[in-house]
Amino acid sequence: MFSAFRTSSFFFFLFLLCYVSFIPHSSAIEFSHLSRLIEIQDREGASPSVQEAAARGLLRRLLPSHLSCFDFKIVSRETCGGKSCFMINNHPSIGIQGAPEILIEGVSGVELSAGLHWYLKYWSRAHISWDRTGGVQLSSVPNPGSLSRIQADGVLIQRPVPWNYYQNAVTSSYSFAWWDWERWEKEIDWMALQGINLPLAFTGQEAIWQKVFQMYNVSGSDLDDFFGGPAFLAWSRMGNLHGWGGPLPQSWFDQQLILQKKILARMYEFGMSPVLPAFSGNVPAALHSRFPSAKITRLGNWFTVGGDSRWCCTYLLDATDPLFVEIGKAFIEQQMKEYGRSAHIYNCDTFDENTPPVDNPDYINSLGAAVYRAMQSGDDDAVWLMQGWLFSYDPFWRPPQMKALLHSVPRGRLVVLDLFAEVKPIWWSSEQFYGVPYIWCMLHNFAGNIEMYGILDSIASGPIEARTSENSTMVGVGMSMEGIEQNPVVYDLMSEMAFQHNKIDVKMWIDQYPTRRYGSSVPAMQDAWNILHRTTYNCTDGSYDKNRDVIVSLPDVDPSFISYPAVFKRGSNQQFGGKASRRASLKEITDSYDQPHMWYSTSEVIHALELFLASGNELSTSDTFRYDLVDLTRQALAKYANQVFLKAIEAYQSDNIHGAIIYSQHFLVLVNDMDTLLACHDGFLLGPWLESSKQLAQDPEQEKQFEWNARTQITMWFDNTEVEASLLRDYGNKYWSGLLQDYYGPRAAIYFKYLLESMYKGEKFRLDDWRREWILLTNKWQNSRKVFPVKGSGDALNTSQWLYDKYLRDPSL
């Protein structure tokens with residue numbers, strides 16, 4: 001079975017994939033302080049024995065049957081040529097019964113874990129992804145005593161840049177909001193296996209702030225209006241909102257602080273450098289009354305209905321005020337007191353979706369200098385890590401303002417995350433951030449939406465182009481998605497870029513992917529994934545991929561103002577998969593809503609689904625296959641649903657009441673059928689999100705509050721009037737079983753009710769009445785206590801086949 005792994009063609013492929021170039025490149029890590037920081041982190045890090053034990057603990061949790069097969073050893077950077085690396089060799093004792101077979105060496109516990117993953121991936125055809133996306137595929141790993149051997153001279157993999165960053169400031173709310181230690185332990189293991197050594201560590205910071213603000217006579221009750229609820233803390237931390245979903249009970253502060261200490265301890269055991277938060281200037285209203293002479297201003301409205309002061313318009317302490325540095329220092333010192341140590345890297349995003357009041361470069365420079373001074377006053381070795389999203393998001397940041405901020409900090413003391421580099425890189429348009437070190441990041445996912453989407457070719461080449469470009473200041477790669485547990489192929493490839501010195505041939509890489517992911521070589525699956533590579537995972541139109549499919553983001557407009565592709569106007573019987581309709585998308589005359597994103601041929605994706613279904617009997621026992629099958633069927637049906645909706649709109653505008661009835665009913669049945677499909681896999685269930693929120697509660701009132709937070713985040717944020725919905729409706733939408741049947745379907749039914757009533761009576765569409773009933777449905781749903789399953793049910797293969805036959809085999813409309 002494993003003989004193919006010993007063929008020359010395989011090792012040629014492996015050589016191409018793993019080749020490490022030893023041609024020296026100038027690197028921004030030569031900035032003196034960054035070099036010194038790495039030395040400090042090495043010196044202050046966990047001992048070799050602790051990091052080796054961390055790698056063994058990971059192996060015990062991942063593959064306990066093979067615990068005796070691997071030996072781990074920490075080595076110096078000098079052994080690795082002065083860089084971070086891992087080395088894989090046959091163990092010197094191989095052949096002795098019971099002795100280890102493979103020796104993995106590396107400069108840290110992260111490198112040891114990444115080396116283990118590399119071996120499992122390329123010598124045992126294994127695959128590792130999140131549990132919700134199918135989990136691990138380890139059935140292809142040979143039994144102990146039969147592991148595939150390494151070539152005689154071993155394998156050396158060096159990092160081309162020192163850091164591999166992970167997380168977005170909002171991932172903590174979109175994905176991590178309800179995690180306990182058991183889930184965090186799995187995530188830290190996943191990070192280590194991917195080679196992540198620079199993770200954001202934001203959990204529990206509200207408990208630190210509570211202690212800090214008490215020093216300034218701000219009471220716990222004063223903070224009730226400052227912190228958001230558990231599902232909205234990310235935006236509370238950024239100063240976008242206050243109080244929404246709160247107040248936080250004291251048990252939350254205490255729980256999260258305990259959890260953070262466990263998270264940090266494990267990260268340090270692996271040799272990671274967790275990034276802690278720093279003071280951005282966001283302060284409670286009570287501080288304004290305590291310090292009336294301080295330069296505290298109120299920010300503008302951030303998406304609340306009517307600028308409601310109960311939630312919007314937070315208070316910002318000007319960084320040039322002496323109190324700013326004082327509070328910033330107190331916060332850093334309180335973290336050091338609670339956690340006992342720091343990796344000396346701090347994240348602060350003072351201007352993330354909050355525009356400075358003055359665009360004078362000197363003023364901007366003084367702000368940046370003060371932000372850093374607040375960090376350094378609490379930690380002399382501090383380095384400021386800043387998200388670069390503001391430079392993409394806000395036109396305020398023209399070159400003079402951008403330079404002023406970036407040059408306000410001593411060189412080597414500021415590192416910028418080029419947050420959306422796979423689509424909209426800033427490094428090349430800013431002269432490499434005007435000489436400031438940066439990390440090339442893949443944003444990829446917004447709001448935790450579920451969509452088969454990616455740009456694999458950009459991921460496989462972008463970091464290499466940035467690092468090898470003239471005068472490069474790149475010091476790392478990273479994954480900065482807003483939500484995780486989706487599109488495992490994208491994260492599998494991106495994690496490799498932390499160790500790749502040359503561009504990856506994605507065609508060669510994708511040819512190997514299904515064999516690893518499913519544990520079996522099925523030629524049809526290779527063909528299917530080649531199709532997906534050039535369609536769903538080849539989005540080159542530059543659009544942000546926020547999922548606006550009609551099912552999960554129903555247009556809130558009068559149907560008279562929705563236009564549709566000319567092919568429908570001709571009344572032709574075009575098939576959904578036909579050439580003429582494959583790029584059809586919603587278009588509204590007044591552009592008052594986001595259109596569904598369409599960038600590929602639907603007919604090709606349906607053909608990929610046919611190949612999946614044809615391979616089902618061979619692969620149906622694989623959980624990774626079942627996840628992908630459900631996801632692909634969902635993707636095809638979601639785009640088909642967009643077209644069904646358009647046909648209902650066409651019928652409405654043509655005064656064809658029979659057609660409107662047929663297509664609206666067709667749409668509603670399809671929504672329920674998709675809910676049945678999603679119920680077939682644990683990764684597409686609403687229940688786990690809601691139940692995990694309740695499990696953190698200490699009493700019935702907290703349980704109700706936390707569940708309301710969970711339900712609200714994925715539907716409609718902020719208060720609403722009877723006829724005015726939140727601007728952040730459906731931003732965090734999800735294709736989850738339970739959500740479709742219980743919320744999205746009933747909402748669409750209300751819309752179609754008013755659409756048909758308009759036709760029957762010959763009157764205008766009653767837009768206000770539709771909104772009133774939809775908002776009432778939403779508010780009731782958010783307060784509901786209905787329980788949903790936490791385990792999948794149903795046969796994924798049979799259900800997918802049934803829905804393909806029903807809707808996609810002959811998808812004429």
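**Exercise 1.** In this predicted model, state how far apart the sulfur atoms of Cys312 and Cys313 are, and decide what link they form.

Solution. Step one: the sulfur atoms of Cys312 and Cys313 lie 2.3 Å apart. Step two: a pair of cysteine sulfur atoms within 2.5 Å is a disulfide, so the cut-off is met. Step three: Cys312 and Cys313 therefore form a disulfide. Step four: the angle about the S-S bond is -65°, and the link of Cys312 and Cys313 is left-handed. Both Cys312 and Cys313 are buried.

**Exercise 2.** Find how many disulfides the structure holds, and give the pairing of the bonded cysteines in sequence order.

Solution. Step one: there are two disulfides in the structure. Step two: besides the link of Cys312 and Cys313, Cys80 and Cys85 form a disulfide with their sulfur atoms 1.9 Å apart. Step three: the Cys80 and Cys85 link is left-handed, with -55° about the S-S bond, and both of these cysteines are buried. Step four: numbered in sequence order, the bonded cysteines of the protein chain pair as 1-2, 3-4.

**Exercise 3.** Explain why Cys348 has no bond to the closest cysteine sulfur.

Solution. Step one: the closest cysteine sulfur to that of Cys348 is in Cys441. Step two: the distance is 17 Å, so it is too far for a bond. Cys348 is buried, with a relative accessible area of 1%.

**Exercise 4.** Decide whether Asp742 is buried or exposed, and list its side-chain polar contacts with Trp781 and Lys786.

Solution. Step one: Asp742 sits in helix α28, residues 739-761. Step two: its relative accessibility is 17%, so Asp742 counts as buried. Step three: the side chain of Asp742 makes a polar contact of 2.9 Å with the side chain of Trp781, and one of 2.9 Å with that of Lys786.

Key
Residues are numbered from 1 along each chain as its sequence is written. This is a predicted model: local features need pLDDT of at least 70, side-chain atom pairs count only at pLDDT 80 or more; totals for chains, interfaces and linings use all residues. Side-chain values use heavy atoms; hydrogens and water are left out. Helices (H or I, at least four residues) and strands (E, at least two) are DSSP runs, numbered from the N terminus. Buried means under 20% relative accessible area, exposed over 50%, partly exposed in between (1.4 Å probe, protein chains only). A polar contact is a pair of N or O atoms within 3.5 Å; within protein, one must be able to donate a hydrogen and the other to accept it, and residues adjacent in sequence count only if both atoms are side-chain atoms.
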